[in-house]
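Reader: Hello! Could you walk me through this structure and explain the terms as we go?

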Amino acid sequence: MLGMLALGVLGFAAPAWGLWRWHGGWRIAAAVPAALMAFVVLRLVAGVSVDPSSHNLWPFEILLTGALSVAIMIAVVVARKVTGANRAS
C-alpha cells in the first residue's frame, strides 16, 4: 500500500526534480510527464466540480498516470546516461 502511495508521489516529484535540475532539451523532456500529471489532476478537479460522483476512482487515475510519469522519467534518465549529458551539466 505504501509502495502505491510512493509511486503516485514520485509521479509528481520526479518530473519536478528534472525541471529544476536539468537545462535545455532535457528540461523539455522532463516537462512532458509534468504536463501529463497536471492535465490529469486538472481534469479530475474540473470533472468533480461539475459532477461530484464522476471520478470515484480518482486515486487509481493518479496512480496509473504516476506510473506512466515515472516510466517516462526513467527513460529520460537512461537517455541522459547513454548520451553522456550527466557529465556536461
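Author: Gladly! Let us begin with the buried residues of H3: Ile62, Leu63, Thr65, Gly66, Ser69, Val70, Met73, Val76 and Arg80. This is a predicted model, in which local features need pLDDT of at least 70 and side-chain atom pairs pLDDT 80 or more, while totals for chains, interfaces and linings use all residues. Residues are numbered from 1 along each chain as its sequence is written, and side-chain values use heavy atoms, leaving out hydrogens and water.

Reader: What makes the residues of H3 such as Ile62 and Arg80 buried?

Author: Buried means under 20% relative accessible area (exposed is over 50%, partly exposed in between; 1.4 Å probe, protein chains only). Ile62 and Arg80 are among the buried residues of H3, so each of them falls under 20%.

Reader: How do you know that the span of H3 is close to the one expected?

Author: Helices are DSSP runs (H or I, at least four residues), numbered from the N terminus. The expected span is 1.5 Å times one less than the number of residues. H3 has 26 residues, and its 37 Å from first C-alpha to last is close to the expected 38 Å. Just after H3, Gly84 takes a positive phi of about 80°.

Reader: Why are Met73 and Val76 placed in a nonpolar core?

Author: A nonpolar core is a set of buried Ala, Val, Leu, Ile, Met, Phe, Trp, Tyr and Cys residues joined through side-chain atoms within 4.5 Å. Met73 and Val76 belong to the largest one, together with Ala14, Trp22 and Ala30.

Note on methods:
Helix = DSSP H or I, 4+ residues; strand = E, 2+ residues; numbered from the N terminus.
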